[in-house]
Amino acid sequence: MKIFNTRLSTLSDTQKAQLAEQYQADDYLLLDFDTRQHSRFRAITVLGEAVGVDLPRTGGLKGDDVLINESGELMQVIAKPQAVTKVTADNDFLLMKGAYHLGNRHVPLMFDHSFNQGDAGYALYFENDHVLAQMLENLGLHIESTSVPFEPETGAYQTGQGHAHGHSHSHAHAHSHSHQESHSHDESHSHGHQHSHSHHDAPVGRSNDG
């Protein structure tokens, strides 16, 4: 089984081309948020090959991160769409109020502004929790179930990590919390306080610039 133990911070044009070919062949990892919080785990590529990830404890994986093994083989991580709760509001102040109450409970949040919604044009996303959803509805916010790649942002006091590609994307990761699915990994989740924004652009394998 191939073991990928290094996260690349930059990519050569040759490596970008290689990742594009691998994407077309389904040779990449499609991982949900909870799995990406581990530094050591076993996973199955979209193509069906078992691989191992064994990274230093330097924070969770982000969508579009690229890993390399000792043989120089590459593996791209793509954030898997997952069931989350989308929160919108009729105005910025109300959405900010909702973000405050979620943040006060240490809930990993993803912020988005890539659509038109009411007067605000912004949305919050968090992992499904009916108690939190009810709280937000009581505050007058709008709740909707959806499925998107979940990329909450790193806490303000954490240092950022480099990304091994030439395209902008979701610069966000966060801690897991009590509402997560179980995974067969060999380490516990870290805990931080995080709020976020997100930008949804194509990963390397899906770029149009060759």
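Me: Are F33 and F150 buried or exposed?
Reply: Both are buried: F33 is, and F150 is too. Keep in mind that this is a predicted model. The label "buried" needs under 20% relative accessible area.

Me: What makes F33 and F150 an aromatic pair, and why is it called edge-to-face?
Reply: The F33 and F150 ring centres sit 5.1 Å apart, and the cut-off for pairing is within 6.5 Å, so they pair. The planes meet at 85°, and over 60 degrees counts as edge-to-face, so that's the name.

Me: What does the pair of F33 and F150 tie together?
Reply: F33 belongs to helix α2 (residues 33-36), while F150 is in the segment after β11 (142-149), so the contact links parts that are 117 residues apart in sequence.

Me: How many aromatic pairs does the structure hold?
Reply: There are 2. Y23 and Y28 make up one of them.

Me: Why is the pair of Y23 and Y28 called stacked?
Reply: Y23 and Y28 have 25° between their planes, and under 30 degrees counts as stacked, so the label fits. Their centres are 4.8 Å apart, within the 6.5 Å cut-off. Y23 and Y28 are buried as well.

Me: How do you know that β4 and β5 pair?
Reply: Pairing takes at least two bridges, and 5 join β4 to β5 (residues 50-54), so they qualify. The two run antiparallel, and F41 has V53 in β5 as its bridge partner.

Me: What makes β1 and β4 edge strands?
Reply: The open sheet has the order β1-β5-β4, and β1 (2-4) and β4 (40-44) each pair on one side only.

Technical notes. Residues numbered from 1 in each chain as written. Predicted model: local features only at pLDDT ≥ 70, side-chain atom pairs only at ≥ 80, totals over all residues. Heavy atoms only, no water. Helix = DSSP H or I, 4+ residues; strand = E, 2+ residues; numbered from the N terminus. Phe/Tyr/Trp six-rings, centres within 6.5 Å; stacked < 30°, edge-to-face > 60°. Buried < 20%, exposed > 50% of the residue type's maximum accessible area, 1.4 Å probe, protein only.
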